[in-house]
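Hi everyone, thanks for making time this morning. Let me put the structure up, and then we can walk through its pockets and a few other spots together.

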Amino acid sequence: MVMLQNLAAPVASPITEIVIRALEEQIANRRASYTIYRAYYGGHQNAKLTDRLKRILQPEGLEFRDNFSEVVVDALAERLKVIGFESADEKLVEWAWTLWMLNRMDYLQGVVHTEAAMLGDAYVLVDWNAETERPRFAYQPPELIVPHYGEESQKIEWASKKWLWTPGIGQAPVTRLNLYYPDRVEKYAAASGVWRQHQDEGEKDWPQPWTDAAGLPLGVPIIHFRNKPLGANFGGSELINVIPLQDMVNKIVVDLAQVLDTMAFGQRWTLDIVGSQTEYDVVPGAIAEFHSEDPERAGAVGEFVAADPTGLLYSLEMTVQHIAGTSRTPQHLFQIAGGDPSGESLRMAESGLVNKARERSFGWGNSWEDCFKMALRLDQVFGTDAPSPKEFDMETSWDQFASRDVQGEMLALQTKRDLGVPRRQLWREMGYTEAQIVQMEEDLQEQKVAETNLGAAILEEFNKGRNV
């Protein structure tokens, strides 16, 4: 069990105290924005309902919403799928893909990409797993991380992580803070508001060294995935321009629900006629009984004409179109009306989303490559069989960003093959993973050997017949 080991004295350095206070302020400011984006993505949008609609639409206490925010985020994240890596060094590619699969990144990459699109930022901590004896990729929520970029280098010079930590069963939670520098990790813990230096079980040094055998720094292990940063240190959420329109959608849907509830059908009324209906009840076939002080109007009957919801439906459709245009999300993904387009219509409808996904792949691909550069450094220092390329020249391979047109793809691949594009690259573009590609090459080699042996056997039998 991990035990909390506070060193003798509280943090005394005024510089450290200033850093901690500044970090707390930065985390609080960014966390407020992240909380809003998470809420809208998850459908916690606080739609305003009347008491009657609450009884109808929220009988179990579940929040009512018509959530398009999730579609906007998922539409982008689902188009960004890493399917392999490219390098002139085949050993480096094999090492990277093996590490990718051992870390179960087929799932984790989806978490990273969704969080980056939703919140604007996502982080991966690359460290050494002593139990498995290999580098480890661990997703880090942006609410916990603050990267500190150098003004000139525009690279992370150090990073911090602050979180609430429970040492063990029955023990009170403790606030933890780690400062990650290129050559060390400073760990702090706070109980009752007092910060102290901290060591985890088994650690002998403070700060914890982060160097190789020669004392050279290993580098900051926090890798930042930014969504469209436009030169800034932090990214921007895909929802920043969608949220006001999402509120409008909820408002229109609530108004539509009220119209359908109270005015979707003609309602009959009477004046001073005693009937079975004694109070105003909004259900089909009900008769509203009213009293008039004008005796000449006694016995009158009439009907409230049903309201026409066309205007509200049109407003809803136009608002969704604005969401689609603002976020470059194909409108058919919102399933408002009509079927899915196909062929050239589908390519035109998806062009904005495809271009957006391609743009994101540049920055996020660089971040994945930075993850592997750090992982390779750790494997070379702590591992036993890491590759040693002359230079790190790896590139991230992505699945295609557009929806598949199988016939068109096959024609395009055939053309590329005729132009001399290598077979392995064509397989990557077809969506095969590196492991599948390796297996296919082995199968092809075995098939060639079998065909050669079969041909030799046939020739031998033929020659025997001739010699009889």
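The second largest pocket has about 560 Å³ of volume. By pocket I mean, on a 1 Å grid over the protein atoms alone, an open set of points with protein on both sides within 12 Å along at least five of seven lines, and lining residues have an atom within 4 Å of a point. The volume is the space filled by probe spheres set on the points, which are joined across faces, edges and corners.

Before going on, please keep in mind that this is a predicted model, where local features need pLDDT of at least 70 and side-chain atom pairs count only at pLDDT 80 or more, while totals for chains, interfaces and linings use all residues. Residues are numbered from 1 along each chain as its sequence is written, and side-chain values use heavy atoms, with hydrogens and water left out.

Which residues lie nearest the centre of that second pocket? They are Lys155, Ile156, Ile223, His224 and Asp370, out of 18 lining residues. Two or more residues each come from β11 (222-226) and α8 (343-382); helices here are DSSP runs of H or I with at least four residues, strands are runs of E with at least two, and both are numbered from the N terminus. Helix α8 makes the largest contribution, 7 residues. By class, the lining has 8 nonpolar, 5 polar and 5 charged residues, where Ala, Val, Leu, Ile, Met, Phe, Trp, Tyr, Cys and Pro are nonpolar, Asp, Glu, Lys and Arg are charged, and the others, Gly among them, are polar.

While we are on α8, have a look at Trp364, which sits in that helix. Is Trp364 buried or exposed? Trp364 counts as buried because its relative accessible area is 0%; buried means under 20%, exposed over 50%, and partly exposed in between, with a 1.4 Å probe and protein chains only. Its C-alpha is 5.9 Å from that of Phe225, although 139 residues separate the two in sequence.

Now for the largest pocket, with a volume of about 840 Å³. Its lining has 26 residues, and Asp127, Arg136, Lys187, Asp200 and Glu203 are the closest to the centre. At least two lining residues each come from β3 (121-129), β6 (156-165), β7 (174-180), β8 (184-191) and β10 (208-209). Strand β3 gives the most, 4 residues. The class split for this lining is 13 nonpolar, 4 polar and 9 charged.

There is also a cavity, a set of points where a 1.4 Å probe fits but cannot get out. How many of 30 Å³ or more does a search of the whole structure find? The search finds 1, with a volume of about 40 Å³. Helix α1 (14-41) and strand β5 (145-149) each give at least two lining residues, and α1 has the largest share, 5 residues. Among the residues around this cavity are Arg30, Arg31, Tyr34 and Glu143.

One more covered region is helix α3 (residues 69-77), where 7 of the 9 residues are buried. The buried ones include Val72, Val73 and Leu76.

Last stop: Met430, in the loop between α10 (423-429) and α11 (434-467). Met430 is partly exposed because its relative accessibility is 31%. Thanks for listening, and I am happy to take questions.
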